[in-house]
Amino acid sequence: VVRYEWVSFLTDYGLADGFVAACHGVIGRIAPEVRVLDVTHQVPAYAVRRGAMVLAQTVPYLPPAVHLAVVDPGVGTDRHGVVVVARDGVLVGPDNGLLVPAAEALGGVLRAYEVSSSGYRLPLVSTTFHGRDVFAPVAAHLALGVAPEEFGPPVDIQRLPKPWKSVTAGVLEAEVLGVDHFGSVQLAASADDLTAAGLVAGTPVLVAEVPGVVARTFGDVAPGALLVLVDSMGKVGVAVNRGSAAALLGDVERVRILRV
Amino acid sequence: VVRYEWVSFLTDYGLADGFVAACHGVIGRIAPEVRVLDVTHQVPAYAVRRGAMVLAQTVPYLPPAVHLAVVDPGVGTDRHGVVVVARDGVLVGPDNGLLVPAAEALGGVLRAYEVSSSGYRLPLVSTTFHGRDVFAPVAAHLALGVAPEEFGPPVDIQRLPKPWKSVTAGVLEAEVLGVDHFGSVQLAASADDLTAAGLVAGTPVLVAEVPGVVARTFGDVAPGALLVLVDSMGKVGVAVNRGSAAALLGDVERVRILRV
Amino acid sequence: VVRYEWVSFLTDYGLADGFVAACHGVIGRIAPEVRVLDVTHQVPAYAVRRGAMVLAQTVPYLPPAVHLAVVDPGVGTDRHGVVVVARDGVLVGPDNGLLVPAAEALGGVLRAYEVSSSGYRLPLVSTTFHGRDVFAPVAAHLALGVAPEEFGPPVDIQRLPKPWKSVTAGVLEAEVLGVDHFGSVQLAASADDLTAAGLVAGTPVLVAEVPGVVARTFGDVAPGALLVLVDSMGKVGVAVNRGSAAALLGDVERVRILRV
């Protein structure tokens, strides 16, 4: 029997209502010894891919845990819930791709099971709040050692489309994975892609017409200047020292970095 | 002696200052074994009724607890603090009606006591921060098993006015209880009221001039479409699938649902 | 060996990304028994002085703890990390003045050590996220009882400039320390300064042209009226009963209170 002391918890519920607290409470009632570690509850509403990225980039730093994540535009439709067993943890949430990048960051998907057994949910299941009524109870029971296959039959899980990127000599173009609190823009490209494009530290670049430089960290450029760097998750980031790259670049879906 | 392992905690303090943390700290110093479960600290400033609704709709899902709640426009006036004993828990906060709906959700008010004993507060009590100086210490002592009547004499508690509603054939009109993070508008009406008005699933309706339909859940209508449903708390809600009903209806105090 | 059960945690990371959670996770992996108490993560980005004030005003109410604080505009430059030993606790973060007011609130700075030993950080240290890779591991090891001098050689710490104030008969002028969630403006002046300026309770005043009165608490004035009071931290505050002084005064760096 595998037990977990921790449940990590990510949603797009925000913190202004009692939604997150109700889920904490449900877990606390079923599994009083478990500790809940909030990843974030400020994923933009319905933003499955953003939630998936934040979860995947956080789980490598967490203790062994059941990872409970709910960003669920399909609640109340025929989408299934899913328990995903990864090498280094187990995940539960809607089967819409949200959990997969985190499972890969935890060593890869080993098996997955539908959440369909009626034995591990609240007595009354609402049509709109499966986080509280279905997924939190499943997470708590997983933490207590209930085996993943107890929740339902094996399933093939949904996956998100792979984010787009293009790497050529002197040009790196890639989809935006997200914008963080400091306005740094994270791209779907790695340190290797940067090197492959010939964009080494010190290279002057244009990023969406804005001049900048490839650098190692914020302090390598003047305050207000734009830099391209490898961020704390190993992704290519566009940032402004003590400022916001997002404010400079606008709300874009792709970013093109051009050597000049 | 009744002891509690949990203190739930709701305020309008926000999370940007150290106010919430100071209260956590005060509880941790007095009752180190207690676990604090944050309900929310983003009740709009001074919005007693909104805080009361969020608390009442969350406590049924929490473990047995002392419920500490502070939304307190009258701090520093002659309003009293109060300990409310409910069938399934005990509550502490200002005596302005904030605690009563939650106490009712916890099986009803059994007794109430003024918070006036000077033995269970911080040595210095500020004129503006009774959450930290008075109510958090009382909550911690309640969790440790101090009897409710130790804090002061019995009192008759303040209650909020009952929210307004009107149910006739084909028309349900009711006060807005609140708007959640997803922009869903919750009304002071129940599933029974919806049935009594003849608004069964599938009925086309007008909500403040906007066409919609009575439905079971979001997925029953197209993205962007308005629906009337029974929400996860058993209340009548107005929502937009993957959108915001509040953005569509504006900042209204009452909503009228009309069968068409 | 001094061990701590609690780590308090303050940053400017916001709650929308997984940054705070990754630090919680790092602490949980190194020191599973430790409890993390979040002070706030909504310090405005890079606002070292604001972070320092919030921390200093909160720590007196916390249990004995390692205080982990990261507001770090200089990350990736040659600024050092520092462990500060105070009489009533130990603090860790960047050496930019952030920790000093809190250390003084905890009985004063006894000793300080550079964070330079490579033995107490994550195997890979990013150039932009020392909270996760350096400071959280140090905090966890401090909590486990590793001695402060193990992290590096003694250092002279950086201090913030003392905030400005001027007290004359009938006039108190002082720098703004911060604006809280309710829009109350806190000044770098104490109750003694107020008395020294002859601004006793009941005195009519002008605050940046707005008429108000020196009062004991919100309820002493009508809703919407401006008051000058001693706030819950013993500082001079400017507030509006059930309103926002900040909205009335605008985004000012200094405030002048004039007896009329």
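**Chat about a three-chain model**

Colleague: Quick one to start: is Glu173(A) buried, partly exposed or exposed?

Modeller: Glu173(A) is partly exposed, because its relative accessibility is 22%. Here buried means under 20% relative accessible area, exposed means over 50%, and partly exposed is in between, with a 1.4 Å probe and protein chains only.

Colleague: And what should I know about the model before I go on?

Modeller: It is a predicted model, where local features need pLDDT of at least 70 and side-chain atom pairs count only at pLDDT 80 or more, while totals for chains, interfaces and linings use all residues. Residues are numbered from 1 along each chain as its sequence is written, chains are lettered from A and ligands numbered from 1 in the order in which they are written, and side-chain values use heavy atoms, with hydrogens and water left out.

Colleague: Thanks! Back to Glu173(A): which residue does it form a salt bridge with?

Modeller: Its partner is Arg256(A), with the closest N and O atoms 3.7 Å apart. The rule asks for a side-chain nitrogen of Lys or Arg within 4 Å of a carboxyl oxygen of Asp or Glu. This pair links distant parts of the chain, since Glu173(A) sits in strand β8 of chain A and Arg256(A) in strand β14 (residues 254-259), 83 residues apart. Helices (H or I, at least four residues) and strands (E, at least two) are DSSP runs, numbered from the N terminus. Arg256(A) is partly exposed too, with a relative accessible area of 42%.

Colleague: How many salt bridges are there over all chains?

Modeller: The count comes to 27 over all chains. Among them is the one between Arg49(A) and Glu175(A), at 2.3 Å from N to O. Arg49(A) lies in helix α2 and Glu175(A) in strand β8 (residues 171-179) of chain A, so the pair ties together parts that are 126 residues apart in sequence. With a relative accessible area of 26%, Arg49(A) is partly exposed.

Colleague: What does Glu175(B) pair with over in chain B?

Modeller: Glu175(B) forms a salt bridge with Arg49(B), and the closest N and O atoms are 2.3 Å apart. Glu175(B) is in strand β8 of chain B and Arg49(B) in helix α2 of chain B, so this pair also ties together parts 126 residues apart in sequence. Glu175(B) counts as buried at 18% relative accessibility, while Arg49(B) counts as partly exposed at 26%.

Colleague: Changing topic: how much area do chain B and chain C bury between them?

Modeller: About 2400 Å², with 56% of it on carbon and sulfur atoms. Buried area is the accessible area (1.4 Å probe) that two parts lose on being put together, summed over both. The contact (heavy atoms within 4.5 Å) takes 31 residues from chain B and 30 residues from chain C.

Colleague: Which residues make the salt bridge across that interface?

Modeller: Arg50(C) and Asp17(B), with their closest N and O atoms 2.8 Å apart. The rule finds one salt bridge across this interface. On the side of chain B that touches chain C, helix α1 (residues 19-30) of chain B gives the largest share, eight residues.

Colleague: And how are the two copies related?

Modeller: A turn of 120 degrees and a shift of 0.0 Å along the axis lay chain B on chain C with an RMSD of 0.0 Å. That is the relation of a three-fold axis. The superposition is by least squares on the C-alpha atoms of residues with pLDDT of at least 70 in both. The copies use different surfaces, as 6% of the contact residues of chain B recur in chain C.

Colleague: Now chain A and chain C: which residue of chain A pairs with Asp17(C)?

Modeller: Arg50(A) does, in a salt bridge with the closest N and O atoms 2.8 Å apart. The side of chain A that touches chain C gets two or more residues each from β2 (35-40), α2 (48-58) and β12 (226-230) of chain A. β2(A) gives the most, with five residues.

Colleague: Last one: which residues is Thr40(A) in contact with, beyond its sequence neighbours?

Modeller: Leaving aside neighbours within four places in sequence, Thr40(A) is in contact with residues including Phe9(A), Val54(A), Leu15(C) and Asp17(C). Thr40(A) is in strand β2 of chain A, and its side chain reaches the backbone oxygen of Ala16(C) at 3.4 Å. At 2% relative accessibility, Thr40(A) counts as buried.

Methods. Polar contact = N/O pair within 3.5 Å; in protein donor to acceptor, adjacent residues only side chain to side chain.
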